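Student: Hi, I've got a structure open and would like to talk through how its pieces pack. Can we go through it together?
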Amino acid sequence: MTDIILHRVLPISKRLISERVQSGETVVDATAGNGNDTLFLAELVGENGRVIAFDIQQKALDATKQHLGELAGRTRLILDSHANVREYVDGEIGGAMFNLGYLPYSEDESIITTPSSTIAALDALLGLLKKSGIITITVYDGHDGGSEERDALLAYIRTLHQGDVHAIRYELLNQRRNPPFLIAMEKMRDFTEVRKVADE
Ligand code: SAH
């Protein structure tokens, strides 16, 4: 295969997270789904690290546990909305990943991430994140409700003070069939509540 540097979204999100997460840290998988990111994060944090992974569907957490195998011991799988992340995490996190939309291969594609809980979770996670930490969000907008979530999320991110957070969007422009795009955020200074531009 030829040597690619303009990778698809998933390898780029993993690379950005790997740049900053240190072994032994606590990290968050906001949307466990089938557990692919959970496994990646469990490998990254090592045996002394911890992955706190959320999903609102038990079958997603079951699939995740299965996928993790012996690394399940480094994870805490939580059947609750990521919007409640502050109830489960105390102290700083090294990074967080979101993968929006519905659970792949599920017969019920109507259970999707929603604007209000996605934004509430992101806002809380930005507060919990260490300085220089990264949060990645893989955004799918092809399903019913996807474009509303995308627009609400982008509108929220545009309000974030640029001294607090740098946010980028990365996307392949010539792929067919609604490929996802990536949002990545880097925390620029220590804070517990991110400043909003309208707050100034
Ligand atoms: N679209 C992606 C996978 C997304 S999986 C892909 O194709 O690879 C998204 C997961 O988020 C689903 O398993 C869903 O149950 C979960 N989810 C939805 N709302 C949630 C919430 N409020 N908190 C935590 N997980 C949620």
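Student: Which residues in α2 are buried?

Tutor: Happy to help, and keep in mind that this is a predicted model. The buried residues in α2 are Asp37, Thr38, Leu39, Phe40, Leu41, Ala42 and Val45.

Student: What does that say about how α2 sits in the rest of the structure?

Tutor: Seven of the ten residues of α2 are buried, so the helix is largely enclosed by the rest of the structure.

Student: And what do those buried residues pack against?

Tutor: Several elements share that job. The buried residues of α2 pack against the helices α1 (9-20) and α3, and against the strands β1 (26-29), β2, β3 (75-79) and β4.

Student: Let's take α3, then. How do the axes of α2 and α3 cross?

Tutor: Helix α2 covers residues 36-45 and helix α3 covers residues 58-68; their axes come within 9 Å and cross at roughly 40°. α2 and α3 are therefore oblique to each other, since an angle has to be under 35 degrees to count as roughly parallel. The crossing in which α2 passes α3 is right-handed.

Student: Which residues make that contact?

Tutor: From α2 there are Asn36, Thr38, Leu39 and Ala42, and from α3 there are Thr64, His67 and Leu68. Sorted by class, the contact of α2 with α3 has four polar residues, three nonpolar ones and no charged ones.

Student: Now the other neighbour. At what angle do α1 and α2 pack?

Tutor: The angle between α1 and α2 is about 30°, and their axes are 11 Å apart. That makes α1 roughly parallel to α2. Here too there is a handedness to report: α1 passes α2 in a right-handed crossing.

Student: Who touches whom there?

Tutor: Leu10, Lys14, Ile17 and Ser18 of α1 make the contact with Asp37, Phe40, Leu41 and Leu44 of α2. By class, the contact of α1 with α2 has five nonpolar residues, two charged and one polar.

Student: What comes right after α2 in the chain?

Tutor: Gly46 follows α2, and its phi is positive, near 75°.

Student: Okay, changing topic. How do α4 and α5 pack?

Tutor: Helix α4 (residues 115-128) and helix α5 (residues 146-158) pack with their axes 9 Å apart, at an angle of about 30°. α4 and α5 are therefore roughly parallel to each other, and their crossing is right-handed.

Student: Which residues meet in that pair?

Tutor: On the α4 side they are Pro115, Thr118, Ile119, Leu122, Asp123 and Leu126, and on the α5 side Glu148, Glu149, Ala152, Leu153, Tyr156 and Ile157. The contact of α4 with α5 divides into eight nonpolar residues, three charged and one polar.

Student: Which residues touch the most other members in the largest nonpolar core?

Tutor: That core has 33 residues, and Leu122, Leu125, Leu126, Ile135, Ile137 and Met185 touch the most other members. At least two residues each come from β2 (50-55), β4 (93-99), α4, β5 (129-139), α5 and β7 (181-187). α4 gives the most to this core, with seven residues.

Student: Is there another core apart from that one, and what is in it?

Tutor: Another core, of 14 residues, lies apart from the largest one; among its members are Val21, Ala42, Val45 and Ile134.

Student: Back to Leu126 for a second. What does Leu126 touch?

Tutor: Not counting residues up to four places away in sequence, Leu126 touches Ile135, Tyr156, Leu160, Val165, Met185, Lys187, Phe191 and Val194.

Student: And Leu129, buried or exposed?

Tutor: Leu129 counts as buried, at 2% relative accessibility. Leu129 is placed in strand β5. With residues up to four places away in sequence not counted, Leu129 touches Glu92, Ile93, Gly94, Gly95, Ile134, Ile135 and Lys187.

Student: Gly94 is in that list. Where is Gly94 found?

Tutor: Gly94 is found in strand β4, and at 2% relative accessibility Gly94 counts as buried. Leaving aside neighbours within four places in sequence, Gly94 is in contact with Val21, Glu25, Thr26, Val27, Leu129, Lys130, Gly133 and Ile134.

Student: Thanks, that gives me plenty to look at!

Key: Residues numbered from 1 in each chain as written. Predicted model: local features only at pLDDT ≥ 70, side-chain atom pairs only at ≥ 80, totals over all residues. Heavy atoms only, no water. Axes fitted to C-alpha atoms, helices over the stretch in contact; angles between N-to-C directions. Helix = DSSP H or I, 4+ residues; strand = E, 2+ residues; numbered from the N terminus. Parallel < 35°, antiparallel > 145°, perpendicular 65-115°, else oblique. Left-handed = near helix turned anticlockwise from the far one by under 90°. Contact = heavy atoms within 4.5 Å. Nonpolar A, V, L, I, M, F, W, Y, C, P; charged D, E, K, R; others polar. Core = buried A, V, L, I, M, F, W, Y, C linked by side-chain atoms within 4.5 Å. Buried < 20%, exposed > 50% of the residue type's maximum accessible area, 1.4 Å probe, protein only.
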